[in-house]
Amino acid sequence: MNETTARWEDLHLFLSVAREGGLSAAARVTGRSAATLGRRMLSLERSMGRELFVRHERGYELTGEGRDLLVELTEIEARITRLAVRPGSGERRLVKISAGSWTTLLLLDNLDRITGTPADLRLRFVSAETSLNITRRQIAIGIRNARPTDPGLAGQSLSRVEFAPYARAGAPDRWIKVMADTPSARWLDRMTGTDAVCEVTAPRNSLDLALAGKGIALLPTFIGDRQTGLDRAGSTIAELAHERWIVTHQDDRHLPEVRRAIDRLARVLGGR
């Protein structure tokens with residue numbers, strides 16, 4: 001890494017420390033350790049000949065020169081973002097979102113709340129039971145079952161997800177089995193073996209069959225409780241309860257279109 005590259009990286013890290021107000025919070029969004037960030041900020045101050053922070057127990061407070069630098073870098077950041085947009089383009093900015101089948105179903109049912117009214121976002125939903133790579137920009141936002149741990153990823157906690165059995169009154173007392181590589185599908189496999197009324201490969205089809213009165217479906221409560229005609233056929237299953245997080249790249253989360261999408265997703269999914 002040459003000196004110019006190192007300086008640019010230090011400026012980039014400075015933005016995170018300045019916006020987060022301290023090393024620990026910045027470490028969570030950059031993937032760098034607090035000690036590393038502290039050394040890099042000290043190196044940046046020395047190389048620029050400016051005192052950028054007042055360091056105290058509550059965190060890192062910007063000095064006057066630090067605030068000036070933050071303003072300058074924010075303007076540069078915004079200019080770079082504008083340059084990345086095609087000149088003269090009136091199109092709404094595309095935001096790619098990845099989520100599992102059930103979360104995608106809920107998001108599609110609340111599409112207007114996410115795109116805005118009138119719409120100021122263009123969304124592409126990538127429904128997948130496996131996690132797509134945010135670092136390589138396969139998607140901008142992922143809805144995940146755990147706090148992000150990869151360097152460079154940032155997360156926002158949502159309400160927890162719980163699962164329960166659902167069926168119509170009078171439906172056969174047998175499970176509808178989902179053949180997929182998910183914790184809920186593996187739980188069904190352990191519980192039912194071959195003793196199921198039907199097997200499907202798409203989780204959504206288990207809901208369709210339950211609504212048709214063909215058996216019992218294992219559904220997240222945020223889906224099952226909204227279905228007219230379906231009742232809980234048992235208690236929630238503790239071992240299937242899990243966290244839910246909005247995850248994005250820390251470099252992208254301040255882009256206007258990504259920030260709007262994150263805020264609206266959190267409202268739909270129960271942000272904390």
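**Exercise 1. Explain why F53 counts as buried, and then describe the aromatic pair that F53 forms with Y60.**

F53 counts as buried because its relative accessibility is 1%, where buried means under 20% relative accessible area, exposed over 50% and partly exposed in between, with a 1.4 Å probe and protein chains only. Y60 is buried as well, with a relative accessible area of 15%. Rings of Phe, Tyr and Trp (its six-membered ring) pair if their centres lie within 6.5 Å, and planes under 30 degrees apart count as stacked, over 60 as edge-to-face and the rest as tilted. F53 and Y60 lie 5.1 Å apart, centre to centre, with 55 degrees between the planes, and their pair is tilted. Ring pairs also link F14 with F53 and Y60 into a cluster.

The model is predicted: local features need pLDDT of at least 70, side-chain atom pairs count only at pLDDT 80 or more, and totals for chains, interfaces and linings use all residues. Residues are numbered from 1 along each chain as its sequence is written, and side-chain values use heavy atoms, with hydrogens and water left out.

**Exercise 2. Work out which parts the pair of W175 and W187 ties together.**

W175 and W187 form an edge-to-face pair, 5.7 Å centre to centre and with 80 degrees between the planes. W175 lies in the loop between β7 and β8, whereas W187 lies in helix α7, so the pair ties together parts that are 12 residues apart in sequence. Helices (H or I, at least four residues) and strands (E, at least two) are DSSP runs, numbered from the N terminus. Both W175 and W187 are buried.
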